[in-house]
Amino acid sequence: RVKDERQFRQRHAADWVVVSAIRSERHPGFVECVAKIGGNRSLADERLYLVPVSEYQAGRFGFVIDEREHQRFEPQAA
């Protein structure tokens with residue numbers, strides 16, 4: 001498991017990896033995802049993406065955002 005996780009982290013070190021996700025109430029059929037580079041929670045920089053519910057699956061070490069497929073969005077003020 002440790003080797004597999006290390007390989008995942010190395011392979012996706014430059015990718016946006018989801019660190020938090022919630023089913024969207026504002027965008028039915030989508031999951032609102034908070035992603036950070038490499039899934040590194042200690043980084044301040046983050047992006048928000050909408051991922052179709054049918055596609056989102058956290059996986060063993062995280063969900064990798066495909067910037068060609070997943071829509072980036074900005075949060076609405078409360």
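A residue counts as buried under 20% relative accessible area, as exposed over 50%, and as partly exposed in between. The structure described here is a predicted model. By the above cut-offs, R9 is partly exposed, because its relative accessible area of 30% falls in the middle class. R9 belongs to helix α1, which covers residues 2–11. Beyond its neighbours within four places in sequence, R9 is in contact with G38 and F61. The pairing with G38 spans 29 residues in sequence, while the C-alpha atoms of R9 and G38 are 6.4 Å apart in space.

The protein contains 1 helix and 4 strands. Along the sequence these elements follow the order α-β-β-β-β. The C-alpha trace spans about 40 × 30 × 20 Å along its principal axes. The radius of gyration is 13 Å, which agrees with the value near 12 Å that a compact globule of 78 residues would have. Of the contacts with a separation of 6 or more, 34% are accounted for by residues 24 or more positions apart.

Of the 78 residues, 31% are buried. The protein exposes about 5,500 Å², and carbon and sulfur atoms supply 47% of that area. As for charge, there are 13 positive and 12 negative charges, and the mean positions of the two sets lie 8 Å apart.

In soluble globular proteins, nonpolar side chains tend to be buried together. In the present model, the largest nonpolar core consists of 9 residues, namely W16, V18, V31, C33, A35, Y49, V51, F63 and I65. Strands β1 (16–23), β2 (30–37) and β3 (47–52) each supply at least two residues of this core. The contribution of β2 is the greatest, at 3 residues. A second, separate core has 5 residues, among them V19, V34, L48 and F73.

F63, a member of the largest core, has contacts in several parts of the sequence. Apart from neighbours within four places, F63 is in contact with W16, V17 and V18, with V51, with E55, Y56, Q57 and A58, and with H70. W16, V18 and V51 are also listed in the largest core.

A21 is located in strand β1. With a relative accessible area of 35%, A21 is partly exposed. Outside the four places on either side in sequence, A21 touches V31, E32, C33 and Y56. Of these partners, V31 and C33 are residues of the largest nonpolar core. The C-alpha atoms of A21 and Q71 are separated by 14 Å, with their positions 50 residues apart along the chain.

Two loop positions were also examined. R60 lies in the loop between β3 and β4, the latter covering 71–72. The relative accessible area of R60 is 53%, so this residue is exposed, the cut-off for that class being over 50%. Leaving aside neighbours within four places in sequence, R60 is in contact with R1 and D4. D4 falls within the range of helix α1, residues 2–11. F8 is 52 residues away from R60 along the chain, and the C-alpha atoms of the two are separated by 9.6 Å.

N40 is placed in the loop between β2 and β3. The residue is partly exposed, with a relative accessible area of 33%. N40 and G59 are 19 residues apart in sequence, and their C-alpha atoms are 16 Å apart in space.

Note on methods. Residues numbered from 1 in each chain as written. Predicted model: local features only at pLDDT ≥ 70, side-chain atom pairs only at ≥ 80, totals over all residues. Heavy atoms only, no water. Rg over C-alpha atoms; globule rule 2.2 N^0.38 Å. Buried < 20%, exposed > 50% of the residue type's maximum accessible area, 1.4 Å probe, protein only. Contact = heavy atoms within 4.5 Å. Areas by Shrake-Rupley, 256 points an atom, 1.4 Å probe, with all protein chains shown as cover. Lys, Arg positive; Asp, Glu negative; His and termini not counted. Charge placed at Lys NZ, Arg CZ, Asp CG, Glu CD. Core = buried A, V, L, I, M, F, W, Y, C linked by side-chain atoms within 4.5 Å.
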